[in-house]
Amino acid sequence: MFVEREASVGEPTSQERRNIQQNDKRILGNVVQCDGARATISAHAEDAEGTVTGLWTVGRMISINLGSTRTVGLVYAIGKSDRAWNPDGQNLIEVSVELVGEVRDGVEPGAKPVFDRGITTYPHIGAIAHRIRTRDLQAVYDLAGRYSVTIGTLSQDESIAANIAIDDTLARHFAIVGTTGVGKSTAVSLLLRKTIASRPDLRVLILDPHNEFAASLPEYCVKVDSKTLDLPFWMFRLEEFAEVLFRGRETVPEEVDVLRDLIPAAKNLYRNPSSGTYIRRGSDALTADTPVPYRIADLIKQIDERMGMLEAKNDRPTLKSLKTRIESAAADPRYRFMFNSRLIEDTIHETIGNIFRVPNHGRPVTCFEMAGMPSEVVNSVCSVLARLAFDLALWSEGRLKLLLLCEEAHRYMPADPRLGFAPTRHALSRIAKEGRKYGCYLGVVTQRPGELDPTILSQCSTFFAMRLANEQDQAIIRSAIADSSASTLAFLSSMGQREAIAFGEGVATTMRLKFEKLPQEFIPGTAKGEQIEPSVDGNDVDLAMIVERLRNVPKPQQSMAFAETVDSSRQAGDPDYKKPANSPRVQPDDDFDTRYGLKPSTFGMRQLND
Ligand SMILES: Nc1ncnc2c1ncn2[C@@H]1O[C@H](COP(=O)(O)OP(=O)(O)OP(=O)(O)O)[C@@H](O)[C@H]1O
Ligand SMILES: [Mg+2]
């Protein structure tokens with residue numbers, strides 16, 4: 001009966017005859033029901049020889065032959081209407097498919113078939129469903145000449161490459177979501193490798209909360225951590241600076257107001273040392289946010305002067321507390337990267353050049369390692385970096401293309417506006433909204449799309465959804481996908497490792513794919529070179545070292561003298577620098593203990609030598 005229908009399509013040519021023969025083997029069943037978006041096919045669970053085959057499985061593409069076109073359908077459910085299995089005879093099954101689009105043969109003989117997402121002719125009752133041809137499947141995912149890179153294979157047919165249009169994926173931002181351990185970071189590493197190979201002009205900054213990427217991209221990246229980072233405090237905006245000063249807690253508006261007044265004055269003092277402290281507003285456009293250098297010492301001096309004023313009597317507690325805050329931040333070893341520079345000088349070019357790889361010296365990726373950094377620092381630094389990335393792309397007038405890749409993005413762009421740090425959120429959403437125009441792109445990786453700021457997620461045009469168990473997270477992804485492929489997402493909770501559903505601008509049609517396997521040494525997190533043996537009895541674990549790291553807190557403060565230290569702009573590590581005898585604990589200093597007759601005791605406590 002099937003062959004008859006095929007033959008009635010007209011006088012068969014040899015090619016068609018071959019097709020018919022092939023089709024014969026591929027025949028799966030007939031359409032028995034169809035609405036605007038879905039169809040039901042009646043078929044047999046057994047093939048012609050009577051063996052039960054796996055031809056019908058959920059997630060597969062099939063095609064429905066309509067003569068000049070073939071409708072492509074995706075199987076999303078299979079069942080037997082009577083729910084009973086007959087082991088002897090044939091078993092009739094019902095297969096539900098979602099209609100994905102239409103394939104039409106090219107006009108010229110031998111031309112590639114062309115896929116179209118719309119459906120012009122709906123399947124009639126009785127139309128024959130086939131296993132899809134490889135060429136048709138390729139046509140479904142064909143990127144129509146868009147520049148593409150291969151990132152894996154289709155889950156349905158491992159002989160077909162899974163390609164994404166890399167330029168669109170980047171320019172319109174992308175997101176990789178999935179529960180822990182499904183391979184998100186590995187997918188990022190793979191994507192970056194492919195991207196760098198095809199887009200040598202791209203620069204990438206990875207915000208890496210687990211310090212795992214540097215080892216997986218050894219030949220492409222430089223790493224920056226809190227020890228090597230050099231991001232002077234004067235590059236921070238007022239609110240970012242305040243976040244550090246107030247250690248992520250609620251700021252005191254009066255103190256911030258004082259800062260807003262005095263920072264421009266300190267900047268002015270740095271620029272014109274001879275000028276008095278009095279600055280005329282409006283004559284100089286310096287604000288607390290302008291990224292020009294100033295000295296902490298000048299700022300402190302301003303505060304002191306204000307405290308000395310007669311009319312400032314009521315403000316004195318505020319000023320005093322602000323002064324202590326600034327001083328303890330500047331002395332905090334965790335903030336060394338901000339207050340580190342020996343000389344306060346205009347190093348903004350170097351800082352930007354280092355972080356954003358201009359020039360890149362063959363290594364276009366920067367891994368910003370944040371494990372172990374206090375969260376208020378992470379907050380403000382992410383904000384500064386995201387801001388710089390956007391401004392750099394903007395002011396380079398399209399010459400610099402930057403990708404900002406945010407691992408564990410829900411941490412700094414949480415859905416709950418009360419959480420997270422507003423300036424980071426602003427900076428990132430600015431990239432999400434306007435970055436494309438200037439060549440600043442965003443890549444977002446998260447385990448919890450439900451906890452991620454929905455504005456950011458809605459600006460991502462390409463998604464790689466890996467296994468997601470949580471219902472709320474699935475709902476977020478479901479709301480992002482086009483209706484016509486919504487049933488693909490039924491697989492979200494059951495996908496294997498390395499598997500992802502890709503949808504959006506970067507792919508032609510929603511695509512279930514398996515990422516390429518990366519060699520062990522390139523897998524983030526595990527690529528540490530040697531494997532570390534876990535300790536069984538714990539004898540060989542250096543607890544003292546662990547506690548020392550854990551206690552990485554500012555040393556108790558006894559004197560205000562470090563203001564002088566910063567004033568002379570000389571810091572720990574300067575061989576020529578002699579500490580004033582009356583201010584022993586001014587700056588973190590490695591041979592501090594020996595010099596001042598203190599010896600470190602267990603767990604980092606200090607005792608005076610006898
Ligand atoms: N493409 C791949 N090639 C080879 N192995 C892979 C691949 N993807 C994932 N794996 C395996 O899965 C493990 C977990 O992957 P990965 O660390 O990327 O997961 P993740 O989703 O980033 O997890 P988390 O959310 O906890 O960071 C890897 O250690 C690796 O063994
Ligand atoms: Mg990861």
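The paragraphs below go through two strand regions, a pair of cysteines and some exposed nonpolar residues of this predicted model.

Strand β3 is a convenient place to start. The strand covers residues 61-65, and 5 of its 5 residues are buried. In a regular strand the side chains alternate between the two faces of the sheet. On one side of β3 are Met 61, Ser 63 and Asn 65, and on the other are Ile 62 and Ile 64. Each of these residues is buried, and both faces of β3 are thus covered.

The pairing of β3 can be followed next. Strand β4, residues 69-79, runs antiparallel to β3 and is joined to it by 5 bridges. Within this pairing, Ile 62 of β3 stands opposite Gly 73 in β4. The two strands form a hairpin with 3 residues between them, and Gly 67 takes a positive phi near 85° in this hairpin. Strand β7, residues 128-131, also pairs with β3 in the antiparallel sense, over 4 bridges. Here Ser 63 has His 130 in β7 as its bridge partner.

The loop that comes before β7 contains a residue with another surrounding. Ile 125 is found between β6, residues 114-116, and β7. Is Ile 125 buried or exposed? Its relative accessibility is 56%, so Ile 125 counts as exposed. Ile 125 also has a contact that is remote in sequence: Val 31 is 94 residues away along the chain, yet the two C-alpha atoms are 5.2 Å apart in space.

A second strand region is centred on β14. This strand takes in residues 401-406, and 5 of its 6 residues are buried. Strand β11, residues 202-208, runs parallel to β14, with 6 bridges joining the two. One of the bridge pairs is formed by Ile 206 and Leu 405, the latter in β14. Strand β15, residues 440-446, is likewise parallel to β14 and is joined to it by 5 bridges. In that pairing, Leu 403 stands opposite Tyr 441 in β15. Between β14 and β15 the chain passes through helix α13, residues 422-438, and this β-α-β crossover is right-handed.

The cysteines raise a separate point. How many disulfides does the model contain? The count comes to 0. A disulfide requires the two sulfur atoms to be within 2.5 Å. The cysteine sulfur closest to that of Cys 221 belongs to Cys 367, and at 3.8 Å it is too far for a bond. Seen from the other residue, Cys 367 is in no disulfide, and its nearest cysteine sulfur is that of Cys 221, 3.8 Å away. As for burial, Cys 221 has a relative accessibility of 7% and therefore counts as buried. Cys 367 is buried as well, with a relative accessible area of 0%.

The last stop is at the surface. Which residues make the nonpolar patch of about 450 Å²? The patch is made by Val 541, Leu 543, Met 545, Ile 546 and Leu 550. Leu 550 lies in helix α16, which takes in residues 543-550. Exposed means over 50% relative accessible area. Leu 550 has a value of 65%, so this residue is exposed.

Note on methods
Residues are numbered from 1 along each chain as its sequence is written. Chains are lettered from A and ligands numbered from 1 in the order in which they are written. This is a predicted model: local features need pLDDT of at least 70, side-chain atom pairs count only at pLDDT 80 or more; totals for chains, interfaces and linings use all residues. Side-chain values use heavy atoms; hydrogens and water are left out. Patches are made of residues with over 30% relative accessible area and no salt bridge: like charges are joined within 9 Å, nonpolar side chains (Val, Leu, Ile, Met, Phe, Trp, Tyr) within 5 Å. Accessible areas come from the Shrake-Rupley method with a 1.4 Å probe; for residues, only the protein chains shown count as cover. A salt bridge is a side-chain nitrogen of Lys or Arg within 4 Å of a carboxyl oxygen of Asp or Glu. Buried means under 20% relative accessible area, exposed over 50%, partly exposed in between (1.4 Å probe, protein chains only). Two strands pair if DSSP finds at least two bridges between them. A crossover is right-handed if, with the strands pointing away from the viewer, the path from the first strand over the helix to the second runs clockwise.
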